[in-house]
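Trainee: I'd like a close look at a single part of this model. Please start from one residue and work outwards from there.

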Amino acid sequence: MITRKRSATGACVLLAALTAGLVPPSAAFADETTATAPKVNLVLDVSGSMRERDIDGGSRMAAAKQAFNEVLDATPEDVQLGIRTLGADYPGDDQKTGCRDTAQLYPVGPLDRTEAKAAVATLAPTGWTPIGPALLKAADDLDGGTGSKRIVLISDGEDTCAPLDPCEVAREIAAKGIGLTIDTLGLVPNTKMRQQLSCIAEATGGTYTSVEHTDELTDKVNQLVDRAADPVVTPVATEGADRCAEAPALESGLYTDRAEFGQQRWYRVDVLPGRELRASVSVAADRDVNPGYGVLLRAVTAQGREIVRGEAAGNGRTDVISTGLRYPKRAADDDADEPAAEAVCLQVTHSFSAASGVQTTPGLPLELTVDVVDGPGEADDVASFGLGRGWWLLAVLVLTGFVAGLLWGWLSRWRLAVWRTN
């Protein structure tokens, strides 16, 4: 009997060892990939106000559904995506019950597009707007893993479940240090909603955008989902100067600053011969501003001569305005000594103006991207005869027109001669 028990024990040990050996390495690799996969949780307001028909002739809910379907089709394969709702299930008047109305419509994980679209199709505008409770639950949905985590909140109104302030909830989430970013989108925004959604986004380093059209909503959500799959880049805080001579020296990277109303900010970048400077700037209105504004980005020499500029204007329909520029510096001669870098000063100016009664300090958030890359090649990228790569097409068109003119003239004279003869 003892011999049989020992034999059975040995067989079990042998079977366990064989089983462990048969586990494919790909399973362990899949687990590791899943742990580092970027995660996005789309949080959609399904409160009763989403019935309003003021987006492209349809309801806000219809616009959100259409945008979600297009986003689901475009979601990258390596992004784990989920959908959470708020105000989708309780139609009653009891605030305590209505402020618990948040549910995970589709769990965060590998995306089954058909299943997710079917879940979105069932939504109908129903109840309250518990933004704070929904954000807390959405953060829990993203728990675990080391990849980037992002919540995209889409709402058409401010929270109706005070005293749980959504702004405080966002700060609490940021304080956990889990690297979670909350981006907010406001449908047909008003001042109070704009302030609340801006505060939520700012607390976690996210962005706020107001949208009034379906295509704008689709494009912005797609952009945010794609951004989750990109490597995380932490902006470097910097402080621009009031003059070029005192400007901080920047290298390639992403920088943040604050620009007060009517203030110029200066930065300096050293560009070697044969290199190209690419710079872009975005200025965001994180408070109520007057419609009609612009942003100007100039590259100038240390002596003050303008090299190139980029500018953009807005009419009050967007809260972020961006522009950029490129400056290729000609390569040095081959027989020259060690080439010296040129100090290029970047000047950022915006024409936002604060609405009546709005606090003007601190300045508006500014994001500056600087990239110094290899300059354009001599043959492919440099313009030819001032026409770039299209000069040959113009030459073909000129030659074709010339030949066609000769043929038409000869044909006309022949017809005229035949007519006279007859």
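Mentor: Start with arginine 194. Leaving out residues up to four places away in sequence, arginine 194 touches Tyr208, Arg287 and Asp319. Keep in mind that this is a predicted model. Arginine 194 sits in helix 8. Is arginine 194 buried or exposed? The relative accessible area of arginine 194 is 16%. The cut-off for buried is under 20%, so arginine 194 counts as buried.

Now follow helix 8 to a pocket. Helix 8 spans residues 191-203 and gives the largest share of the lining of the second largest pocket, 4 residues. That pocket holds about 200 Å³ of space. Its lining includes Ser198, Cys199, Glu202 and Ala203. Arg171, Arg258, Asp286 and Arg287 are also among the lining residues. So are Val358, Gln359, Thr361 and Pro362. Arg287 thus appears twice: it is touched by arginine 194, and it lines the pocket.

Take aspartate 286 next. Aspartate 286 lies in the loop between strand 10 (275-284) and strand 11 (293-301). Which residues does aspartate 286 contact, leaving aside neighbours within four places in sequence? They are Ser198, Glu202, Arg258, Leu364 and Pro365. Of these, Ser198, Glu202 and Arg258 also line the pocket. Tyr208 returns here too. The C-alpha atoms of aspartate 286 and tyrosine 208 are separated by 8.1 Å, with the two positions 78 residues apart along the chain. Tyrosine 208 is also one of the contacts of arginine 194.

On the lining there is also a cis peptide bond. The bond from threonine 361 to proline 362 is cis, with omega near -5°. Both Thr361 and Pro362 belong to the pocket lining. Proline 362 is in the loop between strand 14 (342-350) and strand 15.

That loop leads into a sheet. The sheet is open, has 5 strands in the order 7-8-15-10-13, and shows mixed pairing. Strand 7 (236-237) and strand 13 (320-328) are at the edges; each has a single partner strand, so one side of each has no neighbour in the sheet. Strands of a sheet pair through backbone hydrogen bonds, either parallel or antiparallel. Strand 15 (residues 364-374) runs antiparallel to strand 8 (residues 253-259), joined by 7 bridges. Leucine 254 stands opposite threonine 369 of strand 15. Strand 10 is likewise antiparallel to strand 15, with 9 bridges joining them. There, valine 281 has leucine 368 as its bridge partner in strand 15.

Follow the chain past strand 15. Proline 376 is in the loop between strand 15 and helix 10 (391-421). Its relative accessibility is 32%, so proline 376 counts as partly exposed. The C-alpha atoms of proline 376 and arginine 330 are 9.1 Å apart, while the two residues are 46 apart in sequence.

Return to the pocket for Arg171, which is on its lining. To place Arg171, look at strand 4. Strand 4 (residues 149-155) is mostly covered, with 7 of its 7 residues buried. Both of its faces are covered: Lys149, Ile151, Leu153 and Ser155 are buried on one side, and Arg150, Val152 and Ile154 on the other. Strand 1 (residues 39-45) pairs with strand 4 in the parallel sense over 6 bridges. Valine 43 has leucine 153 as its bridge partner in strand 4. Strand 5 (residues 180-187) also pairs with strand 4 in the parallel sense, over 7 bridges. Leucine 153 has threonine 184 as its bridge partner in strand 5. From strand 4 the chain crosses through helix 7 (residues 166-175) to strand 5, and this β-α-β crossover is right-handed. Arg171 falls within the residue range of helix 7.

One backbone detail belongs after strand 1. Aspartate 56 is in the loop between strand 1 and helix 3 (60-74). Aspartate 56 has a positive phi of about 55°, although it is not a glycine.

Finally, set this part in the whole chain. The protein chain has 10 helices and 15 strands. Buried residues make up 38% of its 422 residues. Of the contacts between residues at least 6 apart in sequence, 74% join residues at least 24 apart. The accessible surface comes to about 23,100 Å², and 55% of it belongs to carbon and sulfur atoms.

Technical notes
Residues are numbered from 1 along each chain as its sequence is written. This is a predicted model: local features need pLDDT of at least 70, side-chain atom pairs count only at pLDDT 80 or more; totals for chains, interfaces and linings use all residues. Side-chain values use heavy atoms; hydrogens and water are left out. Helices (H or I, at least four residues) and strands (E, at least two) are DSSP runs, numbered from the N terminus. Buried means under 20% relative accessible area, exposed over 50%, partly exposed in between (1.4 Å probe, protein chains only). Contact means heavy atoms within 4.5 Å. Accessible areas come from the Shrake-Rupley method with a 1.4 Å probe; for residues, only the protein chains shown count as cover. Two strands pair if DSSP finds at least two bridges between them. A crossover is right-handed if, with the strands pointing away from the viewer, the path from the first strand over the helix to the second runs clockwise. On a 1 Å grid over the protein atoms alone, a cavity is a set of points where a 1.4 Å probe fits but cannot get out, and a pocket is an open set with protein on both sides within 12 Å along at least five of seven lines; lining residues have an atom within 4 Å of a point. Grid points are joined across faces, edges and corners, and a volume is the space filled by probe spheres set on the points.
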